[in-house]
Amino acid sequence: MLPIRKSAMETMKAAVEMEKVPMDLVNDVFFHLPVKSLVRFKCLSKPCCSLIEGEDFVKSHLDLSVKSGAGRSVLLRGHLHLYSVDLRSLDTAKEIEHPLKPRGPAEVFGSCNGLIALSNSMSELALYNPSTRKLHRLPVSPVEHPAGGGIRGYIFYGFGYDSVNDDYKVVRMVQFRRDEDDDIGCFFPYEVKVYSLRTDSWKRVETSPFQLQFLFNFYYHLMFRRGYGVLACNNLHWVMPRSHELGNRNVIFGFDLAAELFHIVPVPDYDADHSPEFQMDLGTLNDCLCVICNYGQAYVDVWVMKEYGVKESWVKLFIVPRPRSSVGCFSYLRPLIYSDDDDKVLVELDNRRLMWYDLNSRRLRTLRIRGDHGGFSAEMYVASLVSPGEENRADNSRKLEQEKKNNCRNRKNRDDFLSVGFKLVL
(Lines give C-alpha, C1' and ligand atoms only; values in the text may rest on other atoms or scores of the structure.)
Protein backbone atom coordinates (compact mmCIF):
# COMPACT_ATOMS: atom_id res chain seq x y z
CA MET A 1 0.00 0.00 0.00
CA LEU A 2 1.33 3.42 -0.96
CA PRO A 3 1.99 5.88 1.86
CA ILE A 4 -0.74 8.47 2.36
CA ARG A 5 0.38 11.99 1.57
CA LYS A 6 0.35 14.60 4.27
CA SER A 7 -2.41 16.61 2.53
CA ALA A 8 -4.60 13.50 2.29
CA MET A 9 -4.02 12.74 5.96
CA GLU A 10 -4.94 16.32 6.91
CA THR A 11 -8.09 16.10 4.78
CA MET A 12 -9.10 12.84 6.46
CA LYS A 13 -8.41 14.32 9.88
CA ALA A 14 -10.59 17.35 9.13
CA ALA A 15 -13.36 15.11 7.83
CA VAL A 16 -13.29 12.94 10.93
CA GLU A 17 -13.27 15.94 13.23
CA MET A 18 -16.27 17.42 11.41
CA GLU A 19 -18.02 14.05 11.69
CA LYS A 20 -18.45 13.87 7.90
CA VAL A 21 -17.21 10.27 7.90
CA PRO A 22 -19.29 7.77 9.93
CA MET A 23 -17.18 5.78 12.37
CA ASP A 24 -18.53 2.51 10.89
CA LEU A 25 -16.97 3.48 7.57
CA VAL A 26 -13.75 4.52 9.30
CA ASN A 27 -13.68 1.12 11.02
CA ASP A 28 -14.01 -0.70 7.69
CA VAL A 29 -11.23 1.36 6.14
CA PHE A 30 -8.89 0.99 9.11
CA PHE A 31 -9.55 -2.72 9.28
CA HIS A 32 -7.62 -3.27 6.02
CA LEU A 33 -4.72 -0.89 6.70
CA PRO A 34 -1.23 -2.06 7.75
CA VAL A 35 -0.15 -1.63 11.36
CA LYS A 36 2.37 1.09 10.46
CA SER A 37 -0.41 3.30 9.05
CA LEU A 38 -2.74 2.60 11.97
CA VAL A 39 -0.08 3.68 14.46
CA ARG A 40 0.15 7.02 12.62
CA PHE A 41 -3.63 7.43 12.39
CA LYS A 42 -4.10 7.19 16.14
CA CYS A 43 -3.41 10.94 16.24
CA LEU A 44 -6.34 11.78 13.93
CA SER A 45 -8.85 12.09 16.76
CA LYS A 46 -9.80 10.59 20.09
CA PRO A 47 -12.52 8.39 18.51
CA CYS A 48 -9.99 7.04 16.01
CA CYS A 49 -7.44 6.40 18.72
CA SER A 50 -10.02 4.60 20.86
CA LEU A 51 -11.08 2.51 17.87
CA ILE A 52 -7.52 1.46 16.94
CA GLU A 53 -6.58 0.65 20.54
CA GLY A 54 -9.83 -1.19 21.24
CA GLU A 55 -9.49 -4.85 22.19
CA ASP A 56 -12.01 -6.09 19.60
CA PHE A 57 -10.34 -4.13 16.77
CA VAL A 58 -6.86 -5.34 17.75
CA LYS A 59 -7.96 -8.99 17.76
CA SER A 60 -9.93 -8.71 14.51
CA HIS A 61 -7.07 -6.94 12.74
CA LEU A 62 -4.62 -9.62 13.92
CA ASP A 63 -6.94 -12.42 12.76
CA LEU A 64 -7.20 -10.83 9.31
CA SER A 65 -3.40 -10.45 9.08
CA VAL A 66 -2.87 -14.10 10.01
CA LYS A 67 -5.44 -15.34 7.47
CA SER A 68 -4.31 -13.06 4.63
CA GLY A 69 -0.58 -13.32 5.33
CA ALA A 70 -0.22 -9.53 5.55
CA GLY A 71 2.52 -8.01 7.69
CA ARG A 72 4.60 -11.17 7.93
CA SER A 73 8.37 -11.00 8.21
CA VAL A 74 11.33 -13.07 9.34
CA LEU A 75 13.26 -12.03 12.43
CA LEU A 76 17.01 -12.64 12.21
CA ARG A 77 18.61 -12.88 15.63
CA GLY A 78 22.31 -12.07 15.46
CA HIS A 79 24.85 -11.99 18.28
CA LEU A 80 24.53 -8.22 18.77
CA HIS A 81 21.68 -7.12 16.52
CA LEU A 82 18.11 -7.97 15.61
CA TYR A 83 16.89 -7.67 12.01
CA SER A 84 13.61 -7.96 10.16
CA VAL A 85 13.14 -9.14 6.56
CA ASP A 86 9.81 -8.70 4.77
CA LEU A 87 8.51 -12.14 3.79
CA ARG A 88 7.15 -11.03 0.41
CA SER A 89 10.48 -9.66 -0.82
CA LEU A 90 13.11 -11.45 1.33
CA ASP A 91 15.84 -9.20 0.01
CA THR A 92 16.85 -6.60 2.62
CA ALA A 93 17.36 -6.91 6.39
CA LYS A 94 16.41 -3.88 8.47
CA GLU A 95 17.71 -3.52 12.00
CA ILE A 96 15.13 -3.43 14.80
CA GLU A 97 15.93 -1.04 17.62
CA HIS A 98 14.61 -1.91 21.05
CA PRO A 99 15.02 -0.42 24.56
CA LEU A 100 17.11 -3.33 25.87
CA LYS A 101 19.80 -2.95 23.21
CA PRO A 102 21.85 -0.21 24.96
CA ARG A 103 22.20 -2.49 27.99
CA GLY A 104 23.91 -5.24 26.00
CA PRO A 105 23.07 -7.97 23.48
CA ALA A 106 19.51 -9.22 23.97
CA GLU A 107 18.28 -12.62 22.83
CA VAL A 108 14.84 -13.24 21.36
CA PHE A 109 13.43 -16.44 22.85
CA GLY A 110 9.99 -16.32 21.28
CA SER A 111 7.61 -14.53 18.92
CA CYS A 112 3.83 -14.65 19.03
CA ASN A 113 1.05 -12.42 17.63
CA GLY A 114 3.36 -9.46 17.06
CA LEU A 115 5.08 -9.64 20.45
CA ILE A 116 8.67 -10.81 20.90
CA ALA A 117 10.19 -12.00 24.17
CA LEU A 118 13.61 -10.50 24.97
CA SER A 119 16.26 -11.46 27.49
CA ASN A 120 19.39 -9.58 28.51
CA SER A 121 19.81 -11.64 31.65
CA MET A 122 17.66 -13.63 34.04
CA SER A 123 16.79 -10.40 35.84
CA GLU A 124 15.97 -8.45 32.68
CA LEU A 125 13.20 -9.97 30.59
CA ALA A 126 10.75 -8.00 28.47
CA LEU A 127 7.92 -8.28 25.97
CA TYR A 128 8.23 -5.92 23.01
CA ASN A 129 6.07 -5.00 20.03
CA PRO A 130 8.42 -3.75 17.26
CA SER A 131 5.49 -2.36 15.25
CA THR A 132 4.15 -0.09 18.01
CA ARG A 133 7.51 0.18 19.84
CA LYS A 134 5.90 -0.54 23.18
CA LEU A 135 7.80 -2.53 25.78
CA HIS A 136 6.88 -4.15 29.06
CA ARG A 137 9.59 -5.28 31.47
CA LEU A 138 8.77 -8.41 33.43
CA PRO A 139 9.06 -8.28 37.22
CA VAL A 140 12.12 -10.05 38.63
CA SER A 141 11.48 -13.47 40.12
CA PRO A 142 14.35 -14.82 42.27
CA VAL A 143 15.54 -18.39 41.80
CA GLU A 144 14.56 -20.78 44.59
CA HIS A 145 17.38 -23.28 45.07
CA PRO A 146 16.52 -26.91 45.86
CA ALA A 147 16.99 -28.47 49.26
CA GLY A 148 20.50 -29.80 49.62
CA GLY A 149 22.22 -26.95 47.83
CA GLY A 150 23.21 -26.87 44.19
CA ILE A 151 24.35 -24.01 41.98
CA ARG A 152 22.36 -22.47 39.16
CA GLY A 153 23.02 -24.00 35.75
CA TYR A 154 21.41 -23.56 32.35
CA ILE A 155 18.15 -21.61 31.96
CA PHE A 156 15.45 -22.56 29.46
CA TYR A 157 12.83 -20.08 28.26
CA GLY A 158 9.61 -20.24 26.30
CA PHE A 159 6.97 -17.70 25.26
CA GLY A 160 3.48 -18.13 23.87
CA TYR A 161 -0.19 -17.22 23.85
CA ASP A 162 -2.69 -19.02 26.07
CA SER A 163 -5.81 -18.87 23.90
CA VAL A 164 -8.00 -20.47 26.58
CA ASN A 165 -7.40 -17.68 29.10
CA ASP A 166 -6.51 -14.93 26.58
CA ASP A 167 -3.12 -14.45 28.20
CA TYR A 168 0.53 -14.25 27.14
CA LYS A 169 2.90 -16.35 29.21
CA VAL A 170 6.64 -16.83 29.70
CA VAL A 171 7.99 -20.13 31.01
CA ARG A 172 11.36 -20.27 32.80
CA MET A 173 13.08 -23.54 33.71
CA VAL A 174 16.27 -23.41 35.79
CA GLN A 175 18.72 -26.31 35.94
CA PHE A 176 20.86 -26.92 39.04
CA ARG A 177 24.30 -28.53 39.29
CA ARG A 178 26.09 -30.05 42.28
CA ASP A 179 29.24 -27.97 41.65
CA GLU A 180 31.28 -26.34 38.89
CA ASP A 181 32.55 -29.75 37.67
CA ASP A 182 29.06 -31.16 37.23
CA ASP A 183 28.53 -30.99 33.44
CA ILE A 184 25.34 -33.05 33.36
CA GLY A 185 23.26 -31.40 36.09
CA CYS A 186 20.66 -34.14 36.51
CA PHE A 187 20.74 -34.62 40.28
CA PHE A 188 18.24 -31.88 41.20
CA PRO A 189 14.73 -31.17 39.92
CA TYR A 190 14.35 -28.07 37.74
CA GLU A 191 12.72 -24.95 39.11
CA VAL A 192 9.84 -24.12 36.75
CA LYS A 193 7.98 -20.79 36.88
CA VAL A 194 5.33 -19.24 34.65
CA TYR A 195 4.82 -15.52 34.12
CA SER A 196 1.32 -14.28 33.27
CA LEU A 197 0.92 -10.96 31.47
CA ARG A 198 -2.69 -10.73 32.63
CA THR A 199 -1.67 -10.74 36.31
CA ASP A 200 1.86 -9.37 35.75
CA SER A 201 3.23 -11.98 38.15
CA TRP A 202 5.17 -15.25 38.35
CA LYS A 203 3.89 -18.56 39.70
CA ARG A 204 5.84 -21.72 40.46
CA VAL A 205 4.90 -25.01 38.81
CA GLU A 206 5.13 -27.62 41.54
CA THR A 207 5.00 -30.84 39.49
CA SER A 208 7.17 -31.83 36.52
CA PRO A 209 8.26 -35.12 34.90
CA PHE A 210 11.32 -36.81 36.40
CA GLN A 211 12.89 -37.01 32.92
CA LEU A 212 13.01 -33.22 32.79
CA GLN A 213 16.16 -33.38 34.94
CA PHE A 214 17.97 -34.86 31.91
CA LEU A 215 16.90 -32.11 29.51
CA PHE A 216 20.19 -30.25 29.27
CA ASN A 217 22.91 -31.25 26.80
CA PHE A 218 25.67 -28.69 26.23
CA TYR A 219 26.42 -29.38 22.56
CA TYR A 220 22.79 -29.85 21.61
CA HIS A 221 21.54 -26.64 23.21
CA LEU A 222 24.47 -24.69 21.84
CA MET A 223 23.42 -25.67 18.31
CA PHE A 224 19.65 -26.14 18.44
CA ARG A 225 17.65 -23.03 19.41
CA ARG A 226 19.56 -22.63 22.69
CA GLY A 227 16.76 -24.34 24.59
CA TYR A 228 13.97 -21.98 23.56
CA GLY A 229 10.50 -23.50 23.66
CA VAL A 230 8.67 -24.17 20.38
CA LEU A 231 5.03 -22.99 20.37
CA ALA A 232 2.36 -25.12 18.69
CA CYS A 233 -1.31 -25.80 19.52
CA ASN A 234 -1.30 -23.77 22.76
CA ASN A 235 1.69 -25.75 24.06
CA LEU A 236 5.40 -25.04 24.40
CA HIS A 237 7.82 -27.85 23.55
CA TRP A 238 11.39 -28.85 24.34
CA VAL A 239 13.46 -31.85 23.23
CA MET A 240 15.47 -33.98 25.61
CA PRO A 241 18.23 -35.18 23.26
CA ARG A 242 19.26 -38.80 23.40
CA SER A 243 22.43 -39.54 25.32
CA HIS A 244 24.60 -42.62 24.89
CA GLU A 245 26.22 -41.96 28.27
CA LEU A 246 22.88 -41.92 30.11
CA GLY A 247 21.23 -44.47 27.84
CA ASN A 248 18.13 -42.35 27.17
CA ARG A 249 16.24 -41.70 23.92
CA ASN A 250 14.79 -38.51 22.50
CA VAL A 251 11.79 -37.22 24.45
CA ILE A 252 9.52 -34.28 23.59
CA PHE A 253 8.21 -32.41 26.62
CA GLY A 254 5.04 -30.41 26.11
CA PHE A 255 3.82 -27.70 28.46
CA ASP A 256 0.14 -26.78 28.28
CA LEU A 257 -0.04 -23.00 28.67
CA ALA A 258 -3.68 -23.11 29.83
CA ALA A 259 -3.43 -25.93 32.38
CA GLU A 260 0.24 -25.11 33.17
CA LEU A 261 1.11 -28.79 33.23
CA PHE A 262 3.78 -30.91 31.54
CA HIS A 263 3.10 -33.93 29.35
CA ILE A 264 5.07 -36.22 27.04
CA VAL A 265 4.39 -35.81 23.31
CA PRO A 266 4.64 -39.02 21.23
CA VAL A 267 7.44 -39.01 18.65
CA PRO A 268 7.17 -40.24 15.04
CA ASP A 269 8.52 -43.61 13.95
CA TYR A 270 11.87 -42.36 12.69
CA ASP A 271 14.88 -44.67 12.30
CA ALA A 272 17.67 -43.34 14.50
CA ASP A 273 19.37 -46.60 15.45
CA HIS A 274 21.49 -46.78 12.29
CA SER A 275 22.89 -43.25 12.64
CA PRO A 276 25.12 -42.63 15.68
CA GLU A 277 25.14 -38.90 14.87
CA PHE A 278 21.34 -38.65 14.75
CA GLN A 279 19.88 -35.42 16.18
CA MET A 280 16.28 -34.32 16.58
CA ASP A 281 14.92 -30.77 16.64
CA LEU A 282 11.50 -29.11 16.71
CA GLY A 283 9.71 -26.51 14.62
CA THR A 284 6.24 -25.44 13.47
CA LEU A 285 4.43 -25.20 10.14
CA ASN A 286 0.91 -23.74 10.04
CA ASP A 287 0.78 -24.07 13.85
CA CYS A 288 1.46 -27.82 13.57
CA LEU A 289 4.33 -29.31 15.55
CA CYS A 290 7.25 -30.47 13.40
CA VAL A 291 10.06 -32.90 14.17
CA ILE A 292 13.29 -32.49 12.22
CA CYS A 293 15.49 -35.59 12.09
CA ASN A 294 19.11 -35.08 11.04
CA TYR A 295 20.89 -38.29 10.06
CA GLY A 296 24.57 -37.48 10.50
CA GLN A 297 24.53 -34.59 8.02
CA ALA A 298 23.59 -36.98 5.20
CA TYR A 299 19.92 -36.00 4.94
CA VAL A 300 17.09 -34.48 6.99
CA ASP A 301 13.53 -35.75 7.48
CA VAL A 302 10.76 -33.29 8.35
CA TRP A 303 7.69 -34.76 10.09
CA VAL A 304 4.41 -32.93 10.87
CA MET A 305 1.86 -33.86 13.54
CA LYS A 306 -1.51 -33.34 11.84
CA GLU A 307 -3.58 -33.95 15.00
CA TYR A 308 -1.93 -32.74 18.17
CA GLY A 309 -1.05 -35.43 20.69
CA VAL A 310 -1.96 -38.33 18.37
CA LYS A 311 1.05 -40.49 17.47
CA GLU A 312 -0.64 -41.97 14.40
CA SER A 313 -1.07 -38.48 12.91
CA TRP A 314 2.67 -38.01 12.32
CA VAL A 315 3.33 -37.64 8.57
CA LYS A 316 6.74 -37.40 6.90
CA LEU A 317 6.39 -34.17 4.96
CA PHE A 318 9.62 -34.16 2.96
CA ILE A 319 13.25 -35.29 2.89
CA VAL A 320 16.15 -32.91 2.26
CA PRO A 321 19.33 -34.70 1.08
CA ARG A 322 22.65 -32.98 1.54
CA PRO A 323 23.16 -30.82 -1.56
CA ARG A 324 26.10 -31.62 -3.82
CA SER A 325 27.19 -27.99 -3.73
CA SER A 326 28.86 -26.74 -0.57
CA VAL A 327 26.34 -25.41 1.95
CA GLY A 328 28.46 -25.63 5.07
CA CYS A 329 28.23 -28.43 7.58
CA PHE A 330 24.50 -29.18 7.01
CA SER A 331 24.04 -29.93 10.70
CA TYR A 332 21.01 -27.74 11.41
CA LEU A 333 17.90 -27.28 9.25
CA ARG A 334 14.53 -26.00 10.39
CA PRO A 335 11.36 -25.20 8.38
CA LEU A 336 9.81 -21.78 8.97
CA ILE A 337 6.80 -21.23 6.69
CA TYR A 338 5.14 -22.29 3.44
CA SER A 339 5.24 -20.04 0.38
CA ASP A 340 1.99 -18.38 -0.73
CA ASP A 341 1.35 -21.13 -3.30
CA ASP A 342 2.34 -23.91 -0.84
CA ASP A 343 4.86 -25.43 -3.27
CA LYS A 344 7.95 -24.30 -1.32
CA VAL A 345 9.05 -24.17 2.31
CA LEU A 346 11.32 -21.48 3.73
CA VAL A 347 14.05 -23.14 5.80
CA GLU A 348 16.86 -21.93 8.02
CA LEU A 349 20.18 -23.69 7.46
CA ASP A 350 23.06 -23.87 9.94
CA ASN A 351 22.18 -20.53 11.60
CA ARG A 352 23.72 -18.80 8.59
CA ARG A 353 21.30 -18.59 5.68
CA LEU A 354 17.70 -18.77 4.52
CA MET A 355 16.75 -21.06 1.65
CA TRP A 356 13.65 -22.07 -0.28
CA TYR A 357 13.07 -25.81 -0.49
CA ASP A 358 11.00 -26.70 -3.57
CA LEU A 359 8.63 -29.56 -2.69
CA ASN A 360 8.31 -30.58 -6.35
CA SER A 361 11.90 -30.45 -7.57
CA ARG A 362 13.28 -31.27 -4.09
CA ARG A 363 15.99 -28.65 -4.43
CA LEU A 364 17.29 -25.89 -2.18
CA ARG A 365 17.75 -22.32 -3.39
CA THR A 366 19.78 -19.85 -1.33
CA LEU A 367 18.37 -16.38 -0.65
CA ARG A 368 20.73 -13.41 -0.82
CA ILE A 369 19.70 -10.94 1.88
CA ARG A 370 21.32 -7.53 2.02
CA GLY A 371 22.02 -5.93 5.36
CA ASP A 372 22.49 -8.95 7.65
CA HIS A 373 25.86 -9.31 9.35
CA GLY A 374 27.00 -12.92 9.69
CA GLY A 375 25.37 -15.72 11.67
CA PHE A 376 21.78 -15.60 12.87
CA SER A 377 18.83 -17.69 13.89
CA ALA A 378 15.39 -17.08 12.41
CA GLU A 379 11.92 -16.60 13.87
CA MET A 380 8.62 -15.81 12.15
CA TYR A 381 6.88 -12.54 13.04
CA VAL A 382 3.56 -10.90 12.18
CA ALA A 383 2.95 -7.18 12.68
CA SER A 384 0.11 -6.43 15.10
CA LEU A 385 -1.34 -3.85 17.49
CA VAL A 386 -1.21 -6.24 20.46
CA SER A 387 -0.08 -4.41 23.58
CA PRO A 388 2.76 -5.92 25.64
CA GLY A 389 0.94 -4.86 28.78
CA GLU A 390 1.41 -1.14 29.43
CA GLU A 391 -2.10 -0.08 28.44
CA ASN A 392 -3.68 -3.12 30.09
CA ARG A 393 -2.01 -2.29 33.38
CA ALA A 394 -3.12 1.33 33.11
CA ASP A 395 -6.70 0.23 32.42
CA ASN A 396 -6.60 -2.17 35.37
CA SER A 397 -5.26 0.59 37.64
CA ARG A 398 -8.05 2.89 36.58
CA LYS A 399 -10.62 0.15 37.13
CA LEU A 400 -9.25 -0.63 40.59
CA GLU A 401 -9.25 3.07 41.49
CA GLN A 402 -12.84 3.42 40.27
CA GLU A 403 -13.86 0.32 42.24
CA LYS A 404 -12.34 1.83 45.39
CA LYS A 405 -14.31 5.05 44.84
CA ASN A 406 -17.51 3.10 44.23
CA ASN A 407 -16.94 1.00 47.35
CA CYS A 408 -16.36 4.13 49.44
CA ARG A 409 -19.52 5.71 48.01
CA ASN A 410 -21.55 2.54 48.66
CA ARG A 411 -20.27 2.31 52.24
CA LYS A 412 -21.19 5.95 52.83
CA ASN A 413 -24.70 5.43 51.41
CA ARG A 414 -25.11 2.32 53.53
CA ASP A 415 -23.93 4.10 56.67
CA ASP A 416 -26.26 7.04 55.97
CA PHE A 417 -29.16 4.67 55.42
CA LEU A 418 -28.45 2.75 58.62
CA SER A 419 -28.05 5.99 60.55
CA VAL A 420 -31.42 7.30 59.40
CA GLY A 421 -33.07 3.98 60.11
CA PHE A 422 -31.55 3.88 63.61
CA LYS A 423 -32.86 7.37 64.36
CA LEU A 424 -36.37 6.41 63.21
CA VAL A 425 -36.33 3.42 65.54
CA LEU A 426 -35.36 5.65 68.46
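The second largest pocket in this structure holds about 1,500 Å³ of space. A word on the source before I go on. This is a predicted model, in which local features need pLDDT of at least 70 and side-chain atom pairs count only at pLDDT 80 or more, while totals for chains, interfaces and linings use all residues. Residues are numbered from 1 along each chain as its sequence is written, and side-chain values use heavy atoms, with hydrogens and water left out.

Back to the pocket. On a 1 Å grid over the protein atoms alone, a pocket is an open set of points with protein on both sides within 12 Å along at least five of seven lines, as opposed to a cavity, where a 1.4 Å probe fits but cannot get out; lining residues have an atom within 4 Å of a point. The volume is the space filled by probe spheres set on the points, which are joined across faces, edges and corners.

Which residues lie nearest the centre of the second largest pocket? They are Lys36, Gly71, Asp86, Ser131 and Ala383, out of 45 that line it. By type, the lining has 21 nonpolar, 13 polar and 11 charged residues. Here Ala, Val, Leu, Ile, Met, Phe, Trp, Tyr, Cys and Pro count as nonpolar, Asp, Glu, Lys and Arg as charged, and the others, Gly among them, as polar.

Helix α3 gives the largest share of that lining, five residues. At least two residues each come from α3 (35-41), α5 (55-68), β1 (72-77), β2 (82-86) and β3 (93-95). These labels are DSSP runs numbered from the N terminus: helices are H or I with at least four residues, strands E with at least two.

Next, α5 and its neighbours. Helix α4, residues 46-53, packs against α5 at about 55°, with the axes 5 Å apart. Axes are lines fitted to C-alpha atoms, for helices over the stretch in contact, and angles run from 0 to 180 degrees between N-to-C directions. The pair α4 and α5 is therefore oblique; under 35 degrees would be roughly parallel, over 145 roughly antiparallel, 65 to 115 roughly perpendicular, and the rest is oblique. Leu51, Ile52 and Glu53 of α4 meet Glu55, Phe57 and Val58 of α5, where contact means heavy atoms within 4.5 Å. That contact of α4 with α5 has four nonpolar, no polar and two charged residues.

Helix α2, residues 23-31, also packs with α5, at about 40° and with axes 10 Å apart. Its contact uses Asn27, Phe30 and Phe31 of α2 with Phe57, Ser60, His61 and Leu64 of α5. Four of these residues are nonpolar, three polar and none charged.

Now the sheets. One open sheet of four strands runs β8-β9-β10-β11 with antiparallel pairing; two strands pair if DSSP finds at least two bridges between them. Why is one side of β8 and of β11 (201-205) left without a neighbour in the sheet? Both stand at the edges, each with a single partner strand, so one side stays free of a neighbour. Neighbouring strands of this sheet are turned by 25° against each other on average, direction ignored.

Strands β8 (151-162) and β9 (167-177) are joined by 10 bridges, and tyrosine 161 has tyrosine 168 as its partner. Four residues lie between these strands, and aspartate 166 in that hairpin takes a positive phi near 50°. On to β10 (191-196), which pairs with β9 over six bridges; there lysine 169 is partnered by serine 196.
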